[in-house]
Protein chains: 2
Amino acid sequence: MLRLSKMTDYAVAVLAHLARGPAVQTAPGIALATLMPEPTVAKVLKTLAASGLVTSLRGARGGYRLSRPLADIPVAEVITAIDGPIALTACVEGSPTVCEQQGSCPMSGRWLRVNDAIREALSAITLADMLESTPPPAIAAPPMMAIEGVL
Amino acid sequence: MLRLSKMTDYAVAVLAHLARGPAVQTAPGIALATLMPEPTVAKVLKTLAASGLVTSLRGARGGYRLSRPLADIPVAEVITAIDGPIALTACVEGSPTVCEQQGSCPMSGRWLRVNDAIREALSAITLADMLESTPPPAIAAPPMMAIEGVL
DNA sequence: CTCTATCAGGACTAGCTTAGTCCTCTTACT
DNA sequence: AGTAAGAGGACTAAGCTAGTCCTGATAGAG
């Protein structure tokens, strides 16, 4: 399914929300506004802060704010921040589990090109791109299903 | 991690193996040659047969053979055959679990562009591309780790 | 100076998905 | 007929993800 973690999806939504409204916003506030579970939003924000996509302000009246405008954040960077480096196959995951077919498997390293192609595609699209055009969010009923079977 | 299922990795390896050696090969034979677990190879082959990438020949002296040369098989097609349609986010997975943030979430449908970019990237690369160039499989030691942190 | 709102960081749990196995049935060559 | 193969599906186990919670650190407000 080549799936992305749900956390990444959350992260994009959170970043988008931060770009609107007040510059500094708290985790609970964003959770409330986006209807996402609060602890989850907090977790995502912490991760984003750790990778520098958002800046945290501690203490009372603290919160998070975007470190950069959305136009300067490629989708790839968000994915990397949340899910770790893009690495399609088990062989490539950097996991300590070394593929034991290495010797016989004709695939060793072959996924590199594919991986690169995806990385480039994702680096070329910024969050601003994602949000700007395309049809407005609300076609009410089942807007997300339309995408099914794209490939 | 944007991970691909291990099954897809197996599938590519199996297809590559089918392209070499005799035209018709049995599941146990391929398993033996590639050192992959036999039931798993069988399962992958059945799935590939179901989506038409390989043709099965039943009965004694049966087996599987490629339906098309590798140059005519885009990586995207293998992924789709094994993992189902490429759909990055939960919203998009075609799962019955409708994203309950649909109304408030500014993301609805926004992943479409990203999804398309990936689909195109994966459609442009054929299995033949994957196998032809790039360094030979064996640099012995840790060839797959080199790819880590690509993004 | 103290109080409190807020983030930091990690431990923990439950559920789901994937990988992998196995069994039975069908097909068709010898 | 007998047998070598695939078809198709049920089942199990392990790993990962999502989600929750707790404790500590920070810094503004009063």
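**Figure 1. Protein residues around DNA strand C in the predicted model.** Of the 26 residues around this strand, those that come nearest are Ser56(A), Tyr64(A), Lys6(B), Lys43(B) and Arg58(B). By class, the surface near DNA strand C comprises 10 nonpolar, eight polar and eight charged residues. Sugar or phosphate accounts for 70% of the atoms of DNA strand C within 4 Å of the protein, and bases for the rest.

**Figure 2. Polar contacts to DNA strand C, and the elements that form the surface near the strand.** A backbone N or O atom of Ala27(A) is placed 3.2 Å from a phosphate oxygen of the strand. The side chain of Arg58(A) has a polar atom 2.8 Å from a sugar or linking oxygen of DNA strand C. For Arg58(B), an N or O atom in the side chain is likewise 2.8 Å from a sugar or linking oxygen of this strand. Two or more residues of the surface near DNA strand C come from each of helix 2 (27-34), strand 1 (54-57) and strand 2 (63-66) of chain A, and from each of helix 1 (6-19) and helix 3 (38-50) of chain B.

**Figure 3. Protein residues around DNA strand D.** Here 25 residues surround the strand, and Lys6(A), Lys43(A), Arg58(A), Arg58(B) and Tyr64(B) come nearest. The surface near DNA strand D is made up of 10 nonpolar, seven polar and eight charged residues. Of the atoms of DNA strand D within 4 Å of the protein, 70% are of sugar or phosphate, and the rest belong to bases.

**Figure 4. Polar contacts to DNA strand D, and the elements that form the surface near the strand.** A polar side-chain atom of Arg58(A) lies 2.8 Å from a sugar or linking oxygen of DNA strand D. Gly59(A) places a backbone N or O atom 3.5 Å from a base oxygen of the strand. In Ser56(B), a polar side-chain atom is 2.8 Å from a phosphate oxygen of DNA strand D. At least two residues of the surface near this strand are supplied by each of helix 1 (6-19) and helix 3 (38-50) of chain A, and by each of helix 2 (27-34), strand 1 (54-57) and strand 2 (63-66) of chain B.

**Figure 5. Confidence along chain A.** The average pLDDT of chain A is 81, and 74% of the residues score at least 70. Over residues 93-97 of chain A the pLDDT stays under 50, and the model has six contacts beyond four places in sequence for this stretch. Residues 136-151 of chain A also have a pLDDT below 50; this stretch has 34 contacts in the model beyond near neighbours in sequence. Predicted coordinates should not be read in detail where pLDDT is low.

Technical notes:
Residues are numbered from 1 along each chain as its sequence is written. Chains are lettered from A and ligands numbered from 1 in the order in which they are written. This is a predicted model: local features need pLDDT of at least 70, side-chain atom pairs count only at pLDDT 80 or more; totals for chains, interfaces and linings use all residues. Side-chain values use heavy atoms; hydrogens and water are left out. pLDDT is the predictor's confidence in each residue, from 0 to 100. Contact means heavy atoms within 4.5 Å. A residue is near a molecule or strand if one of its heavy atoms lies within 4 Å of it. A polar contact is a pair of N or O atoms within 3.5 Å; within protein, one must be able to donate a hydrogen and the other to accept it, and residues adjacent in sequence count only if both atoms are side-chain atoms. Helices (H or I, at least four residues) and strands (E, at least two) are DSSP runs, numbered from the N terminus. Ala, Val, Leu, Ile, Met, Phe, Trp, Tyr, Cys and Pro count as nonpolar, Asp, Glu, Lys and Arg as charged, and the others, Gly among them, as polar.
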